[in-house]
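Visitor: I should like to understand how the terms used for a protein structure are justified. May we look at one together?

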Amino acid sequence: RLLNISRKGLGMVWLCPEVEWLSWRFASLTGGTPPLPSVGGSYVYAYLAFATCLHIFEQYLELRQLRKNFETERPMEFVGAVDEATFLNCQAYQLDKRLFGFVKDNISFVVDKVIFLLVNAWLWAVCVQAFGNEAEHSCALLWLFMQRCADKLVSVPFSLYSKFVIEERHGLNKTIICRFLIDLAKSELLTCISGGLLVPCLIWIVRSYGKSFYLYLWAAFQVSTLLYMWICPNIIQPIFSRFQQIEDSALREEIENLAVQAQFPLIKLYQIDGSRRSGHSDAYSFGVWKWKRIVLHDTLLHLNQEDILAIICQELGHWRFGHAMISQVISALHMFIFFWLFGVLMYSDVLNLVVKQFGYGEI
């Protein structure tokens, strides 16, 4: 049965219905599932060593911050700006969240590596056995779908605990289990739709442009990023939240005047119903070129006008100093290096050995 190996190794006692059905379907079509592939070798061990070192370093940084969360004395910079009760409440929340993060990160790391060693390559073999070696698009899409199902077995319980225990304990959870599950279903459906459209295109680029495919692949990702910057706030976010004009006309006028002073090309000003899900407050801007919008969570609107304008000033500062653009350039450079290295490996003599050691057979 699908994921039987990981279930035994991790003590899992249930499988999501979709995975159970796929397992039964594969068995009925193929007369049985393939044997567990062999995963191991110098490249696999190098990857595991690098991932482990990176994980340890990240946990070390978290541990340094954890020591600060135990402090009960306000820093001098906070005196006069944050009262002691608020400071202690924030420290208690950050302490709970960080301790939970330690547990989640370490369990997730172990589970991820067990799935990597025992499940991922086997899932690919199952897909190939079901569809055949030539059905690359179908195999890739189904393989990614089943990987996501396996990941949800771990991530969803952690998300539930974070939302309905940690956040609830500190009065920050405003959602209900029904809305949580509906949001999860919506996000998974959107992921499947976007993946179903994007993955075949990427495979086609890799197969069509030879050794220079990484240039076209990188360009396609940049175009996709620009499209996402428009699609996310205009199509995806309204599926989850309700956008409306800010009702406080005095506040709206002050924000518009502030945007004019900063020469920020503001065309729309919204508030969203963030209070339906969380007690956290947030504000952000989005848009491209001369068509910018600012969005405030309704959890901010109880603050006095001066505090709200200070938060807006922070968002305008991000725009003024080009933080989003800098981040996008760094991301694009990182993506280019990644695709270039992928191209180097794909057309190198060691590719067959690497693929074999990771359990995906011969090319």
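Visitor: Which residues does Arg-293 touch, not counting residues up to four places away in sequence?

Guide: In this predicted model, Arg-293 touches Asn-234, Leu-266, Ile-267, Lys-268, Tyr-270, Tyr-284, Ser-285 and Phe-286. Arg-293 itself lies in strand S4, residues 291-297.

Visitor: What makes one say that Arg-293 has no salt bridge?

Guide: A salt bridge requires a side-chain nitrogen of Lys or Arg within 4 Å of a carboxyl oxygen of Asp or Glu. For Arg-293, the nearest side chain of opposite charge is that of Glu-256, 13 Å away. The criterion is therefore not met, and Arg-293 is buried yet without a salt bridge.

Visitor: Why, then, are Arg-277 and Asp-183 said to meet in a salt bridge?

Guide: Their side chains are 2.6 Å apart, N to O, and the cut-off is 4 Å, so the pair qualifies. Both Arg-277 and Asp-183 are buried.

Visitor: Why is the pair of Arg-277 and Asp-183 said to tie parts together?

Guide: Arg-277 lies in the loop between S2 and strand S3 (283-288), whereas Asp-183 is in helix H7 (residues 177-208), so the pair ties together parts that are 94 residues apart in sequence.

Visitor: What makes Arg-148, Lys-152 and Glu-188 one network?

Guide: These residues are joined by salt bridges that share partners. A search of the whole structure finds 11 salt bridges.

Visitor: How do you know that Asp-96 and Arg-169 form a salt bridge, and which parts of the chain does the pair link?

Guide: The N to O distance between the two side chains is 3.1 Å, and the limit is 4 Å, so the name applies. Asp-96 is in helix H4 and Arg-169 in helix H6, 73 residues apart, and the pair links distant parts of the chain.

Visitor: Why is Arg-169 called partly exposed?

Guide: Partly exposed covers relative accessible areas between the 20% below which a residue is buried and the 50% above which it is exposed. Arg-169 has 48%, so it belongs to this class.

Visitor: What are the classes of Lys-68 and Glu-71, whose side chains also meet in a salt bridge?

Guide: Lys-68 has a relative accessibility of 44% and counts as partly exposed. Glu-71, with 34%, is partly exposed as well. Their side chains meet at 3.1 Å, N to O.

Visitor: Why is Cys-149 called buried?

Guide: Its relative accessibility is 9%, and buried means under 20%; therefore Cys-149 counts as buried. Cys-149 is found in helix H6, residues 136-169.

Visitor: Which residues touch the most other members of the largest nonpolar core?

Guide: Of its 19 residues, Ile-115, Leu-123, Cys-127 and Met-146 do so. The elements that give two or more residues to this core are helix H4 (84-118), helix H5 (120-131) and H6. The largest share, 8 residues, comes from H6. Apart from this core lies another, of 16 residues, among them Leu-251, Phe-264, Ile-312 and Leu-316.

Visitor: What makes Gln-263 unusual in its phi?

Guide: Most residues other than glycine have a negative phi. Gln-263 is not a glycine, yet its phi is positive, about 60°. The residue is in the loop between helix H9 (249-261) and strand S2 (266-272).

Visitor: Why is Gln-263 called exposed?

Guide: Its relative accessible area is 63%, and exposed means over 50%, so the term fits.

Visitor: Which residues form the nonpolar patch on the surface, and how can Ile-231 belong to such a patch?

Guide: The patch is formed by Val-223, Leu-227, Trp-230, Ile-231, Ile-235 and Ile-239, with about 540 Å² of accessible area together. A patch residue needs over 30% relative accessible area. Ile-231 has 32%, so it passes that threshold and counts as partly exposed. Ile-231 is found in helix H8, residues 213-240.

Visitor: How much of the protein as a whole is buried?

Guide: Buried residues make up 33% of the 363 residues. The protein exposes about 22,100 Å², of which carbon and sulfur atoms supply 64%. The protein has 12 helices and 4 strands.

Conventions. Residues are numbered from 1 along each chain as its sequence is written. This is a predicted model: local features need pLDDT of at least 70, side-chain atom pairs count only at pLDDT 80 or more; totals for chains, interfaces and linings use all residues. Side-chain values use heavy atoms; hydrogens and water are left out. Patches are made of residues with over 30% relative accessible area and no salt bridge: like charges are joined within 9 Å, nonpolar side chains (Val, Leu, Ile, Met, Phe, Trp, Tyr) within 5 Å. Accessible areas come from the Shrake-Rupley method with a 1.4 Å probe; for residues, only the protein chains shown count as cover. Buried means under 20% relative accessible area, exposed over 50%, partly exposed in between (1.4 Å probe, protein chains only). Lys and Arg count as positive and Asp and Glu as negative; His and the chain ends are not counted. Contact means heavy atoms within 4.5 Å. A nonpolar core is a set of buried Ala, Val, Leu, Ile, Met, Phe, Trp, Tyr and Cys residues joined through side-chain atoms within 4.5 Å.
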